[in-house]
Amino acid sequence: MSDYKLNTKCVQGGYTPKNGEPRQIPVVQSTTFKYDTSEDMGKLFDLEASGYFYTRLQNPTNDYVAAKIAELEGGTAAMLTSSGQAANFFALFNICETGSHIVSSASIYGGTFNLIAVTMKKMGIDVTFVNPDCAEEELNAAFQDNTRAVFGETIANPALTVLDIEKFAKAAHSHGVPLIIDNTFPTPVNCRPIEWGADIVTHSTTKYMDGHGVAVGGAIVDSGKFDWFAHKDKFPGLTTPDDSYHGITYAEKFGREGAFITKCTAQLMRDFGCIQSPQNAFYLNLGLESLHVRMPRHCENGLAVASFLKGHEKVKRVSYPHLEGDKYYELAKKYMPSGGCGVVSFEIEGGRAAAEKFMKSLRLMAIETHVADARSCCLNPATSTHRQLTDEQLEAAGIPAGLIRISCGIEDKEDLINDIKQALEQV
Ligand SMILES: *Cc1c(COP(=O)(O)O)cnc(C)c1O
């Protein structure tokens, strides 16, 4: 599939049936797999042969879908996880351990921020958060001897900051560690971080990849480019024998192309078990088949809604990276020339009360803790995800009480604008 264009990979990547086999990816709804001899099975346990034995580790449906995502991102190997949270945890924990340190953009998804700042800290893994817009010197100053990974989001949820991927990749590589990029919002249709120097790419497939609000899931893709042996002492998990697999050294046995994902599957999936169900992988694939058709519409609607809001008297400010004049416009054009995503945020005049009245008045857009769905939805952090904060605390966190996040679906843009227009009139 590697010679085909991205549009073709969305539809047919990852799975090529042989003569007489199912045209669509089959759902292998089986926890376990049958073998004739224990010798056959033993080889699988020793990672001497590849094959399936238990769905917690690997399942054919998941592997077909993961292979499609690897092709889309231009990676060499990929795996699915039960959620985006699991994907980011696994990607980091696969190379970090007690005593390690992470450099992360401060502008990331709240769930990931909490994972790194609170939960991984309890595991003895430290973090330095940096302003993604900081100068190179400041970024370089965040590194320590025990830094093992750099993390950021292409377009951050919900702040809509655009990461300068090349700047972060350069800093990571000059300190001998990989750059992990959460590429959930643009998807590989609009940005392929590996082409800009990222080593590992993660996804919450719950968002645009599924795109229909049916299945929570995640994915991890390895670029196959990071040379683990060149920084042997930093990554003993990949470059020294694994006692739990009879002394296999992942980077030696599976090379740059396969080491990261094989270790992540063999150790982390085995021990934590955050597998995606094959049925959900099947739904995810249905979403992927139309991803290249849906993303341009999400972007068209996002830009139309952002442009409408920008000129409105009841709107204080609008954030949409692809809107001319936005703080991130130049970076957005560089890394995502065809568009970013359908998420727009704006601050309404009149704060919390105005936001509540506006959202109550919407007819097409529903209030949801979700984004990146075919159906448009919206959320006011002050009255939902951040309702424990006072107006002053919200202001300090850069989430004023009147901030509303709209996720533009793939409906007609005129209907979306008319819905927003009539709701603003009622405020
Ligand atoms: C939603 C989201 C996550 C978490 O994914 P889940 O599938 O909800 O676990 C991680 N990163 C980003 C950018 C997200 O938008």
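**Around the ligand and beyond**

Sixteen residues is a good place to begin: of the 16 residues around the ligand, those that come nearest are Asn157, Asp182, Ser204, Thr206 and Lys207, where a residue counts as near if one of its heavy atoms lies within 4 Å of the molecule. Keep in mind that this is a predicted model, in which local features need pLDDT of at least 70 and side-chain atom pairs count only at pLDDT 80 or more, while totals for chains, interfaces and linings use all residues. Residues are numbered from 1 along each chain as its sequence is written, and side-chain values use heavy atoms, with hydrogens and water left out.

Let us stay with the ligand for a moment. A polar side-chain atom of Lys207 sits 2.7 Å from one of the ligand's oxygen atoms. For Asn157, the distance from a polar side-chain atom to a ligand oxygen is 2.8 Å, and an N or O atom in the side chain of Ser204 is likewise 2.8 Å from an oxygen atom of the ligand. The ligand exposes 380 Å² when taken alone, and the protein buries 92% of that; these accessible areas come from the Shrake-Rupley method with a 1.4 Å probe, and for residues only the protein chains shown count as cover. Which helix gives the most to the shell around the ligand? That is helix H4 (residues 84-93), with three residues. Helices here are DSSP runs of H or I with at least four residues, numbered from the N terminus.

Now turn to Asn301, which you will find in helix H13 (residues 291-310). Is Asn301 buried or exposed? Its relative accessible area is 0%, so Asn301 is buried; buried means under 20%, exposed over 50%, and partly exposed in between, with a 1.4 Å probe and protein chains only. Leaving aside residues up to four places away in sequence, Asn301 touches Cys408, Gly409, Ile410, Glu411, Lys413 and Leu416, a contact being heavy atoms within 4.5 Å.

For another setting, look at Lys170 in helix H7 (residues 165-174). Lys170 counts as exposed because its relative accessibility is 52%. The side chains of Lys170 and Glu136 are joined by a polar contact of 3.0 Å. Asn380 lies 210 residues from Lys170 in sequence, and their C-alpha atoms are 36 Å apart in space.

Finally, visit Leu286, whose place is in helix H12 (residues 278-289). With a relative accessible area of 39%, Leu286 is partly exposed.

Conventions
Helices (H or I, at least four residues) and strands (E, at least two) are DSSP runs, numbered from the N terminus. A polar contact is a pair of N or O atoms within 3.5 Å; within protein, one must be able to donate a hydrogen and the other to accept it, and residues adjacent in sequence count only if both atoms are side-chain atoms.
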